[in-house]
Amino acid sequence: MANKKLMLAYDGSEHSQRALDWALDLNAQLLYELEIVTVIPPFPSLFADFPTDTYALMEVNRKNGQTMLEKAAAHCQERGQTATTALLEGHIVDTLIEHASEGGFTFLISGTRGAGGFEGLLLGSVAHKLVTYSPIPVLIVK
């Protein structure tokens, strides 16, 4: 039987921290392989016209993302569990879905800010799009 794998979409927010704690509580019973994933979105092309070193900005984002993932993995260790981490780059939803599909994950967990209402209708939300488009089950922690 293939290993069961749990993917946690993590952005370092209070909401994703709650999702991490929830995933750890669940995983204490399931004993799945846990991977914590964060995605660094690309800079919009509008920055190409500004005298900005987008490469340097992306390096800062990579370093911050890696630090955030290391803190999440340390939190797992404090709770007596281990987790691998993955720092990905690309459009957030597309990248998470692609990683979930290619990584053979059993299901995906994500937090949500629960903005909803008109704002959610206009902007959409990562959680809503994950539930809509993911080929694997998605669990949303509020």
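**Stop 1: Gly111.** Select Gly111 in this predicted model. Gly111 lies in strand β4. Is Gly111 buried or exposed? Its relative accessibility is 17%, so Gly111 counts as buried, the cut-off being under 20%. Now show its contacts. Leaving out residues up to four places away in sequence, Gly111 touches His15, Ala19, Ala127 and Val141. Add Lys142 to the selection. Gly111 and Lys142 are 31 residues apart in sequence, yet their C-alpha atoms are 5.8 Å apart in space.

**Stop 2: helix α1.** Select residues 14–30, which form α1. The helix has 17 residues. From first C-alpha to last it reaches 24 Å, close to the 24 Å expected at 1.5 Å a residue. Colour its buried residues next: Ser16, Ala19, Leu20, Ala23, Leu24 and Asn27. Why do they lie on the same side of α1? They cover an arc of only 140° around the axis, which puts them on the same side. The general rule behind such spacing is that an α-helix has 3.6 residues a turn, so residues three or four places apart point the same way.

Turn to the face of α1 pointing away from the buried side. The exposed residues Glu14 and Gln29 are carried there. Turn back to see what covers the buried residues of α1: β1, β2, α2, β4 and β5 (138–141) are included. Then step off the end of the helix. Leu31 follows α1, and its phi is positive, near 60°.

**Stop 3: Leu20 and His75.** Centre on Leu20, one of the buried residues of α1. Which residues does Leu20 touch, not counting those up to four places away in sequence? They are Leu8, Tyr10, Ile36, Ala72, His75 and Cys76.

Move across to His75. This residue is found in helix α2. His75 is buried, with a relative accessible area of 19%. With residues up to four places away in sequence again left out, His75 touches Gln17, Leu20, Asp21 and Leu24.

**Stop 4: the nonpolar cores.** Widen the view to the largest nonpolar core, which has 16 residues. Select those with the most contacts inside it: Leu6, Leu8, Leu20, Leu34, Ile36 and Ile109. At least two residues of this core come from each of β1 (5–9), α1 (14–30), β2 (33–40), α2 (54–78) and β4 (107–111). The largest share, four residues, is that of α1. A second, separate core has 14 residues. Val39, Val93, Leu96 and Ile136 are included in this second core. As a general tendency, nonpolar side chains in soluble globular proteins are buried together.

**Stop 5: the strands.** Switch to cartoon view and select β2. How many of its eight residues are buried? Seven are, and β2 is mostly covered. Add β1. These two strands, β1 and β2, pair in the parallel sense over five bridges. For a register mark, pick Lys5, which stands opposite Glu33 in β2. Trace the chain from β1 through α1 to β2: this β-α-β crossover is right-handed.

Finish with β3, residues 84–89. Strands β2 and β3 run parallel, joined by six bridges. Here the register mark is Ile36, which stands opposite Thr85 in β3. Ile36 has appeared on this tour before, among the residues that Leu20 touches and among those with the most contacts inside the largest nonpolar core.

How values were computed
Residues numbered from 1 in each chain as written. Predicted model: local features only at pLDDT ≥ 70, side-chain atom pairs only at ≥ 80, totals over all residues. Heavy atoms only, no water. Core = buried A, V, L, I, M, F, W, Y, C linked by side-chain atoms within 4.5 Å. Buried < 20%, exposed > 50% of the residue type's maximum accessible area, 1.4 Å probe, protein only. Contact = heavy atoms within 4.5 Å. Expected span 1.5 Å × (residues − 1). Arc of directions from axis to C-beta. Pairing = 2+ DSSP bridges. Right-handed = clockwise from strand over helix to strand, strands pointing away.
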